[in-house]
Structure formats: structure tokens, C-alpha cells
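Here are a few notes to read alongside the model. Have the structure open as you go.

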Amino acid sequence: MSAAFELRGLTAAVPGEKAAIRLVEDVSLHVHAGETLAVVGESGSGKTVTFTSALGLLPKPGRVIAGQALLEGVDLLTLGPEALRRMRGARIGMVFQDPLTGLNPVFRVGAQIAEVLRAHLPLSRQAARDRAVELLARVQIPDPARRVDDYPHQFSGGMRQRVLTAMAIALGPRVLIADEPTTALDVTVQAQVLDLLGDLRDADGMAMVLITHDLGVVARQADRVAVMYAGRVVETGTVAEVFAAPRHPYTIALFRSIPDIEAPPGTQLAPIAGSPPEPARRPAGCAFAPRCFAASEAAGCHATRPPLTGTGHAAACHRQGALEIAA
Amino acid sequence: MVGHVARCVGQLAVALLGIVTVAFFLMRAIPGDPALYMLGDFATTEALAALRARLGLDLPVWQQYGVFLLRAVQGDLGTSVVTGEPALREILASVPPSAALAVAGMAIAVVFGVPLGIIAAVRQGSAVDVGVMLLALGGISFPVFWVGIVAILTFSHALGLFPALGATSEPGFWKGLHHLALPALVLGLSVAAYIARLTRSAMLEVLGQDHIRVARAMGVPERRIVWKLALRNALIPVLAVIGVTFAWSLGNAILVEAVFSRPGLGSTILKAILARDYQLVQAGVLVLAAAVVLLNTALDLLYATIDPRLRQR
């Protein structure tokens, strides 16, 4: 079965003083219909850049310099601006991080949903409005016929994320990319929004990409996971595989840094020392080597960049063989 | 809504009182005697004193002020010492040509300024952007009286497209418009320059906001994003500035009227100041101030229709 959405060797860069600075490098991912792929990583690891690049939304002067973004077999990166616009919203939807700023403050939410519908379909004003009410009902907004005429500031954060979700699924896209959809929301609302996204995925058979830094969300929602670090995918596999036996030291460190409610009182968390390198200052070898507990000169961690190896469950680490014994 | 209107009326009253008070004392602070002006240098001391008494100028200034306020609230702004006509009627008679000039000027300013600002913002950094911003800089920097003279030399004298006089006694709407065109253009372009710069910066800010990124991700066409979704946000600060520039362009209108020998509030008030015609100056200032305050009140109400967040207060 071919993937609904697949990235192959995607590399995006901004012009630098000497050479182009690569924001994300050689990213390959895929997600099947009805499946959720979680993309995990720290802020600045390139999660968002990867998908905004694929959709042609990377702010200037950034641009994609290599790779393919295949949506049901069509490479989005080869499409002209108008053809790409027709794909966005219609075939591939996106939900962003901050629902508080994601809606236009001076238009009614119904009008904003209608704007999306009419960007792709020859609908009358009334028909678009009727569809907007149905969509609000689908994302479980109470009293949608009345709420359709409200403005964004009259909605709570969770409700606004539902409205944005309604816009993203308005045209029945095959792929839905959710970029930290719950990060800005109250904990109590997070689960509701995630459940809604899961339900919509199942009902429409969409492929879903869930960008998050919350491993709890990954465990709950995702089928497969890709861990990103410094613009590259460092580990990928099914959630079961990766959670049971993480192979990349970065993934292992991520798990160690999660608070454990069953740990004895007084147990210290194990944060990852240091911070990820900026895109312009990535080291020559493995980008994680300077912070890695397992890095060694002998394995060449500081000299050569490790390739992603393994079928199915794969990791990009020179020492993964040795680690499985150690971990 | 009722509360909002009541508050606006209250603000209007306070603003007008302040302005008219300043005008009252400023006129009396500058040297010059209306009685002397009317009767001439050879008038006898008795005649001057009699006239001063008739005009109420022999009273202490604070008493004159009291009398003025008391009459003003009853709608009586006194009579012009020069013509003997009621000051308010005299002023209102010269409002239409000035209003025509100001409205035409503002219309030109908005019609040129807003689209130019949008285009400059969308093509930020391009030759179009640089060109529009240079033009805008020129429009702000060159004084209207200079632009007015250059316009007369170019369009009236050299090209013969428009009359050099900004007004005509001949009847007919098109005739009047033909005479109005050049002064309105001169007045409007300086404001257009200002509005273009402001629209550009407001658009740039809005186009960088999250909701625009969302609209792009949903495949909304760029044309709709710029001219509908972003523009309505950007218009809020632009409207605010239109209110301020209106007061500024009323001042410029006086200069433009002088350059184009156009009748209007400008020439009426200028003559009244020179003649120390206190009543006429006060009435003129009051009418100008009322126009500015009323326009700003109208704009306040307009904000609420554009920005829903302002409605509930």
C-alpha cells in the first residue's frame, strides 16, 4: 500500500553568509490513510519547518532545495503556485499551534469557514454558510446555527481550535497535519481536542501527522513515531517499538526526562544537558554528539554523520548496537 | 449604544469648550484693537471709547469671556464687527466651498493612499515599493503651498489642463468640479502620501500574523487574503489616522485656498484675524473644531463596525 503522504529526502534552507543554512535535512517520512504519525522533538528541531516547507508555506527567504513531498503520489514541490493552492486546504489540511491568533479577529467564524469552502468550490454564499454550520456541528461546537455568526473573541481557546479544525477538514482532505494542536490549551481541553482529531481521522479515513513534543500524547494517539533532532529524523518506528526499546540516545534521554509518578519522592529528573545546536552551527558529525551520554571518538560520533539504519524501526546512531546492551 | 452616544456628546462639549476658550484668549492676547481698525487712525478718543463700550470691549477680559460663553450656549456667537452680520451665519456661508475641498481631498487621499500602501506592502522591497515610498516621502515633505504653485505652473500654465483659479462663479456641477480638481489633488496627495505609508506598515504587520498563515494553508487565494482578509485588519489604524489627518488637512486647506484664490473658511478666518474681528474668529474656530470632533466621533462609531471586539464596551 502506498502512503497517503510521503516526504523523501526533504531539505530546506535559508541563505547564509557563506553557504546555505539547512533548516531541515534529508527528512523522509510517510503516513498511511487512517494512521497517525507523531513527529516529536524539541523546539527548533525542524518539526514545523518540515511540513510548512512541504506545503510551500515556508516564509521567505527559506526554500526547499532537495527532496519530494508526495501527496497521494503527486509531488507538491513540483506544482506551480496555483496548483499548489488548490491542494492546500482541499487535499491536505493543517491545524496550527495557537488557536488564539489563528482566526481572523474581524470576521465571523462562519465567514472564515465559508472563505475556505469558496476558495475551492463554486458555492453560493448561503450554501457555504449552511456547510459552515454543519462543520461546526461536526467539531462538536454546541448550538452551531447561532455560533456561526459569532466572532473569534467570543470563543474559548479550545472552541477556537475546534473552529480551526473545522476549517482544516472542511473539504475532506486526505491528510491532516496537526502542529502542536493542544500546546496552547488548558490540560483539561487538550484531551477533548485530541479525541476529536482522532475521531475525525477514523470517520474520514484521513492520514494524520501529529506534531508534538509531548510523549504522553504520542503514546495515546499515534501509531508510528518519528523523532527529530537538529533538522533530521534520528529515530522512527511504531510507537510500540520505539517506546519499548528506544535506539537513539536522544530518544532514550527524552524518556528519562519525563517525570514518573511512581518514582520514589526526591528522585531527580534527568534533563538533557545543553541545548540543541542552531542550524548554522551544527557540528560535522552527529548533531547530538556534544550532548550525548554515549558519544565516543572510536565510533566516529564527532567525525561522520550517522545514517538512518534499520528497516521499520530505524535510528541514526553510530552506537546503536552497543546501546541496546547498555540500555 | 445610548451610553456610547451620550459619552460622545459629552466629549464633544468638553472639546469645544476647550478650543473656543483658547481661541478667545489668544485673540485678545495678540496686539490690535478692533475699534481702531473699524474707525481708522483718525478716530477721536470719545468715538473709540463709545464703540468699545458698544462691543463690550471695555469690560475686563474675564467678564467678556463670561458674556461670550453665556451667549454661546444660547447659540449666539455675536456679530461680525466688520460686516455687522451674525458671525455664525457669516462663517457657515463660507463652509460649502471648504467642505467640498476637504471632502474631495480626503477622497483622493484614500483612493490613492490605501491601494498604493497595499501594493507597496505586498511587493515589499521591490522597485514598486521603493517608488511608492519615495513618492510618499515627497508628498509628506513638500509643503502644500509649494506643491500648489508647481501644480498651477505645470497643469494650468504649461499644459492648460485645469484652470489656475480654484473656483468659479459660473454655475454647473462639472464646471465647479473642473476648478476644484487641482486644489483637491494638491490637498489630497500630501495626505495620500501619509496614508500610503501607514497602510503599508499596517498591512505588513497583518500579513505576518498567524491567521493569514492559516488562510494560506487553507488554500485561500492570495488576492482574497490581501484585499479582504488582511485589509480589513489593516484599515483599523488607517481609519484612526484619517481622523487626525483631517484636522491637519483643514489647516492645509487654508493654504491651498490661498494659493488657488478659492473662497472658503480659510480666507474668511484669515481676513477676520487681520481685522481683529473677534466674534468671527471665534465662530470660525468653533465650526472647524466641531467638524474635526464630529468626524472623529463618526470614525469611532465606524471602528466598532469594523472591529467587533470594540462593540461590547
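1. First, a term for what follows: a nonpolar core here is a set of buried Ala, Val, Leu, Ile, Met, Phe, Trp, Tyr and Cys residues joined through C-beta atoms within 7 Å. Keep in mind that this is a predicted model.

2. On that footing, the largest nonpolar core has 167 residues, and Ile113(A) and Val209(A) are the ones that touch the most other members. The largest share of this core comes from chain B, where helix H9 (residues 173-207) puts in 18 residues.

3. Have a look around Ile113(A). Setting aside neighbours within four places in sequence, its contacts are Ala132(A), Leu135(A), Ala166(A), Met167(A) and Ala170(A).

4. Chain A also carries an annotation: UniProt, in an unreviewed entry, places the feature "domain: ABC transporter" at residues 5-255. Over residues 5-255 of chain A, helix makes up 39% and strand 26%, and the end C-alpha atoms sit 28 Å apart.

5. Now for where the two chains meet. Chain A brings 24 residues to the contact and chain B brings 19. On the side of chain B that touches chain A, helix H10 (210-217) and helix H11 (222-259) each supply at least two residues. H10(B) gives the most to that side, with six residues. Sorted by class, the side of chain B that touches chain A has eight nonpolar, seven charged and four polar residues.

6. Last, the layout of chain B. The chain is divided into domain 1 (2-89) and domain 2 (95-263), and the C-alpha centres of these two domains of chain B lie 37 Å apart.

Definitions and conventions
Residues numbered from 1 in each chain as written. Chains lettered and ligands numbered in written order. Predicted model: local features only at pLDDT ≥ 70, side-chain atom pairs only at ≥ 80, totals over all residues. UniProt positions renumbered as here; feature names shortened; annotations may be inferred. Helix = DSSP H or I, 4+ residues; strand = E, 2+ residues; numbered from the N terminus. Contact = placed C-beta atoms within 7 Å. Nonpolar A, V, L, I, M, F, W, Y, C, P; charged D, E, K, R; others polar. Buried ≥ 20, exposed ≤ 12 C-beta atoms within 10 Å, placed from the backbone. Domains from an automatic or database assignment.
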